[in-house]
Amino acid sequence: MKKYLLLALMAFVTVVAPAQTKKAGAFGDAHGESDFFINWKKYYNYEEWCDIMQRLAKQYPDLCSVESIGKSRMGRDQLLLTITNKKTGKDTEKPAAYVDGAIHGNEVNGVTDAMYLAWYLLTRYKYDPEVAAVVDRSTVYILPALNVDAVDSYVRFPNTENNPREPFRPIDDDKDGLYDDDMTEDVDGDGELSNMYMEDAAGDYRLSKDGLRFLRIGKDDWWEGKRFRLIGTEGYDNDGDGRMAEDDLGGIDPNRVYPFDFRKNMGKSYPLSEPVTRNQWNFVMKHKNIMFDVNYHNYGREIMYMYPPSNGVQRQVDTRSPRPGETVDRFAFRAPYSVQSSYQHDAQVMNQIVSDATFILNDYHPVPGNEYGETLSSMYYILGAYSLLIELWDRNVPYADANGDGYVNDEEYAKWVALDLGEDAWVKPHKFNHPQLGEIWIGGTNKKHIGRTPPPRYMEDEAMRQSRLVLHVMKQFPELKLKNAVVKKAGNNLYQVEVDVVNDRFMPTASDRLVLMKKHTPDVLKATVNGGTLVEPAQGGQTTRGYEKSATAAGQKVEFRTRGNSVTTFRYTIVTTNPKGTTLNLDLSSLTGGKDQLKVTLQ
């Protein structure tokens, strides 16, 4: 009997946590998930996510490294992961994506999505050829939490779903000469922050039938039951002004202090005034190989994108979420306006990214981004990177849309919470003896990880789709190849060689914006001839197969920019008396497009 029990236990252990040692052989096989187990149904605090980052770097030393890009106002390191195959070259010599999360402290699911991307790439590397190819030839820089102080506070302590949001900086919100003196506080000690109500015969609220929520009573509704008056967010009146929780922790909005289009009335300070934003910006400015940028926020299920400058001709586009009775083509993407001619290729690239993102994320909709000192605009207009700001999650979840009209009303939302998440999702209304107010009621709101952020059980689905989007765009980073060499005899001892530089990815080696600012690193094609002499060719050009195809003046060294989905032809004229012994040697190098070589014999 003991023998059978032991064998059964060994079999159970083997099934639960198998050691994977080779590439997955079938689509349904595991892909390295058990090599580094992480519970993705949990929100992690600062120490926990930093520990995960350090352990990832230790377990995957050839693919991952961790560094601090600086410290927050409260002295916490902002840890960043660099993921690339170190054996195939330096991270700075490959095209790169930059991903960060939680610039706002209450948007903590951005940390999860950024961390999931790192875990996804590292654990799948040995088992998934698609992931291996991307990690071999490109780099991704991941800063899981930008606003480390506020994020850690949000996860650790009782908070509403809306606070703390900004990096901690003393601010006198109520203009009484005292800083942060009337903060939200957990007065009943239940580990949650909710609303306070008082029984009032003329109040505007009543308890719901299930006793879990306070509902507003309509002006024309007849109600003779118990009524309540909303006092405000849980807290005390510490400064004696009759108000509570009106001077909470907070400071300057960190996503309004970036350099491009900074406006003092929005940032209320000066560009990059917050240490966490300054550290982040210093890092990206030092990494000229960053081509693609994603910033995770919440909420709204929106794909905000930075579009190139217009030529003044505006075109209105409805980017709202569908409302009852409306239907939309969720996979359609339309440019918001006509762009300037010098930015046409950037418009094409951005259209493709957003169109694909809308398809991959499925229930997200595209929205043109603002400027106003945000990361999104600064990454494009200053760094030249194609940029997305993803507003994660919202209460309009498909699971709750019972009648299929594309919109979740209050009744459907409450039913979804009750049936799917249970009563524990609500802060149940209960009486409490407040030392300043006397007998009050506290509760009636959902807990902080339900409204703005997904309940833990839904986190991994969100994170998986976001990782697939980043991986898809990185697969489209430029890859230049020398192809289609053709030799023609052009006269006595005179030969012409045409060679194509092919980029079959939709990303160029540098954006239009970067080229116009004259900040791009040119692609370089060097030519040498053994057994002959290279002379200057005639000029000309043509377009074929829908690609850009131009004859280019060829010399010993040519500098250029390669567009996405393009074939650029270089023509070389060579004088030789011995074509059989003459070779044209080409050496192609690009910061973001890689390297290639080709040797062409004239006969």
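Which side chain meets that of aspartate 51 in a salt bridge? It's arginine 55, with N and O 3.0 Å apart. Keep in mind that you're looking at a predicted model. Here's a quick tour of its salt bridges, 38 in total, and of its largest nonpolar core, which counts 87 residues.

**A pair within one helix**

- Aspartate 51 and arginine 55 both belong to helix α2, which covers residues 46-59.
- The two sit four residues apart in that helix, so about one helical turn separates them.
- As for exposure, aspartate 51 is partly exposed, with a relative accessible area of 40%.
- Arginine 55 is partly exposed too, at 36%.

**Aspartate 77 and lysine 71**

- Another salt bridge brings together the side chains of aspartate 77 and lysine 71, again with 3.0 Å from N to O.
- Aspartate 77 has a relative accessible area of 26%, which makes it partly exposed because that value falls between the 20% and 50% cut-offs.
- Its partner, lysine 71, comes in at 47% and is partly exposed as well.

**A loop-to-helix link**

- Arginine 395 pairs up with aspartate 410 in a salt bridge, where the closest N and O atoms are 3.1 Å apart.
- Arginine 395 is found in the loop that runs between β14 (386-391) and α10 (410-421), while aspartate 410 is part of helix α10 itself, so this pair ties together parts lying 15 residues apart in sequence.
- Arginine 395 is partly exposed, with a relative accessible area of 23%.
- Aspartate 410, on the other hand, counts as exposed, because its 54% is over the 50% cut-off.

**A shared network**

- Some salt bridges have partners in common, and these join Arg301, Asp363, Asp394, Asp461, Glu462 and Arg465 into one network.

**The largest nonpolar core**

- Of the 87 residues in this core, the ones with the most contacts inside it are Trp49, Phe292, Ile353, Leu388, Ile390 and Met507.
- Helix α3 (residues 109-124) supplies the largest share of the core, with ten residues.
- Take a look at phenylalanine 292: leaving aside residues up to four places away in sequence, it touches Ala96, Ala97 and Tyr98, among others.
- Other residues that phenylalanine 292 touches include Ala385, Tyr386, Val470, Val473 and Phe477.
- Phenylalanine 292 also touches Ile353, Leu388 and Met507, and these three are likewise among the residues with the most contacts inside the core.

Note on methods
Residues numbered from 1 in each chain as written. Predicted model: local features only at pLDDT ≥ 70, side-chain atom pairs only at ≥ 80, totals over all residues. Heavy atoms only, no water. Salt bridge = Lys/Arg side-chain N within 4 Å of Asp/Glu carboxyl O. Buried < 20%, exposed > 50% of the residue type's maximum accessible area, 1.4 Å probe, protein only. Core = buried A, V, L, I, M, F, W, Y, C linked by side-chain atoms within 4.5 Å. Contact = heavy atoms within 4.5 Å.
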